[in-house]
Amino acid sequence: MSLVYRPARAQDLATADALVVASINDLTTRHGFGLMATSSAPNFQLFSLKDDPDGLWVAEDDGELLGFAWSWVCGDVWFLAQLFVDPAQQGRGIGNELMKLSLEHARKSTAAHKVLITFTFNRVSQGLYIRHGLFPRMPIYFLRAARERVIEGLPEPALQSIPIDGSAATLERLAEIDSRAIGVSREKHHRYLLDDPATTGVLFCAGNDCLGYSYVRSSGHIGPLAVREVDDLGMSLRRHCG
């Protein structure tokens, strides 16, 4: 049976997640970083499939999933969240075809900005994205530090933490913070996170003035976190670390 490309279905997503994890770990191990990815429930992928199914595609051969692409649109931003091919199947042009399907999703969305994140040492993917007009722009670093060390350099918090709800007033506040912090809407993500029972969100406020927000998962993971002004970041972090 020949290789086919088709829209993803809900039952594909767990297999796609396993493929993504295996592909990342193959790459990072070959570059000396060891295993970096672990499996997780594909909850946001499923949310995206229901919200905008045109952004998820699979490549398969005789029922075997060989590649997966997932992109989403929020406001003026189109984001390529994942594009991975089974390491044993790379070199067959699968990534290129999935990229074309993903970019068609971007074209139909009329989003003004196209964005993705990839490892700087992944030269094959860098070349693929550059050929399609997506060029490296900003390095992002992984940082880690002990909680006690972080607290030493943070100011005492002078902020209140107010639970995020789904009211129109709160969503308007979140939109204003996102606009100031990153210049684009994150309305899709707020909708998803507010419905996630494992996630709690709070607004950071000084009186009636809301300076930022953060979400915390039951596992202890913090993020996303955004503040209107960079000077407010330290106090926001202290609310979590103190």
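**Salt bridges, burial and confidence**

Student: How many salt bridges does the count come to?

Tutor: The model is predicted, and a pair qualifies when a side-chain nitrogen of Lys or Arg is within 4 Å of a carboxyl oxygen of Asp or Glu. By this rule, the number of salt bridges comes to 14.

Student: How many residues apart are Asp 54 and Lys 108, whose side chains meet in a salt bridge?

Tutor: The N to O distance in this pair is 3.4 Å, which is within the 4 Å that the rule allows. Asp 54 sits in the loop between helix H2 (43–51) and E2, whereas Lys 108 belongs to helix H3 (residues 94–109), and the pair therefore links distant parts of the chain. Asp 54 counts as partly exposed at 39% relative accessibility, and Lys 108 is likewise partly exposed at 47%. Along the sequence, the separation of Asp 54 and Lys 108 is 54 residues.

Student: In which helix do Arg 180 and Glu 176 both lie?

Tutor: These two residues form a salt bridge, with their closest N and O atoms 3.3 Å apart. Arg 180 is partly exposed at 43% relative accessibility, and Glu 176 is partly exposed at 31%. They are 4 residues apart, about one turn of the helix, and the element that holds both is helix H6 (residues 168–181).

Student: Is Asp 196 buried or exposed?

Tutor: Asp 196 forms a salt bridge with Arg 217, the closest N and O atoms being 2.7 Å apart. Arg 217 lies in strand E8 (residues 209–217) and Asp 196 in the loop between helix H7 (187–194) and strand E7 (199–206), so the salt bridge ties together parts that are 21 residues apart in sequence. Arg 217 is partly exposed, at 31% relative accessibility. Asp 196 has a relative accessible area of 11%, which is under the 20% cut-off, and Asp 196 is therefore classed as buried.

Student: Which side chain of opposite charge is nearest to Asp 17?

Tutor: Asp 17 lies in helix H1 (residues 13–30), and this residue is buried yet has no salt bridge. Leaving aside neighbours within four places in sequence, Asp 17 is in contact with Ser 39, Ser 40 and Gln 45. The nearest side chain of opposite charge is 12 Å away, and that side chain belongs to Arg 217.

Student: What covers the buried residues of H7?

Tutor: In H7, the buried residues are Lys 188, His 189, His 190, Tyr 192 and Leu 193. Of these, Lys 188 is also linked with Asp 51, Glu 187 and Arg 191 in a network of salt bridges. The cover over the buried residues of H7 includes H2, strand E3 (64–74), H6, E7, E8 and strand E9 (222–227).

Student: What is the accessible area of the patch that Phe 33, Met 36 and Phe 142 form together?

Tutor: Phe 142 lies in the loop between helix H4 (123–131) and helix H5 (147–152), and its relative accessible area of 74% is over the 50% cut-off, so Phe 142 counts as exposed. With Phe 33 and Met 36, Phe 142 forms a nonpolar patch on the surface, whose accessible area is about 380 Å².

Student: Where in the protein is confidence lowest?

Tutor: The protein averages a pLDDT of 89, and 92% of the residues score at least 70. Where pLDDT is low, the predicted coordinates should not be read in detail. Confidence is highest in strand E2 (residues 56–61), at 97, and lowest, at a mean of 57, in helix H8 (residues 233–241).

Notes. Residues are numbered from 1 along each chain as its sequence is written. This is a predicted model: local features need pLDDT of at least 70, side-chain atom pairs count only at pLDDT 80 or more; totals for chains, interfaces and linings use all residues. Side-chain values use heavy atoms; hydrogens and water are left out. Patches are made of residues with over 30% relative accessible area and no salt bridge: like charges are joined within 9 Å, nonpolar side chains (Val, Leu, Ile, Met, Phe, Trp, Tyr) within 5 Å. Accessible areas come from the Shrake-Rupley method with a 1.4 Å probe; for residues, only the protein chains shown count as cover. Helices (H or I, at least four residues) and strands (E, at least two) are DSSP runs, numbered from the N terminus. Buried means under 20% relative accessible area, exposed over 50%, partly exposed in between (1.4 Å probe, protein chains only). Lys and Arg count as positive and Asp and Glu as negative; His and the chain ends are not counted. Contact means heavy atoms within 4.5 Å. pLDDT is the predictor's confidence in each residue, from 0 to 100.
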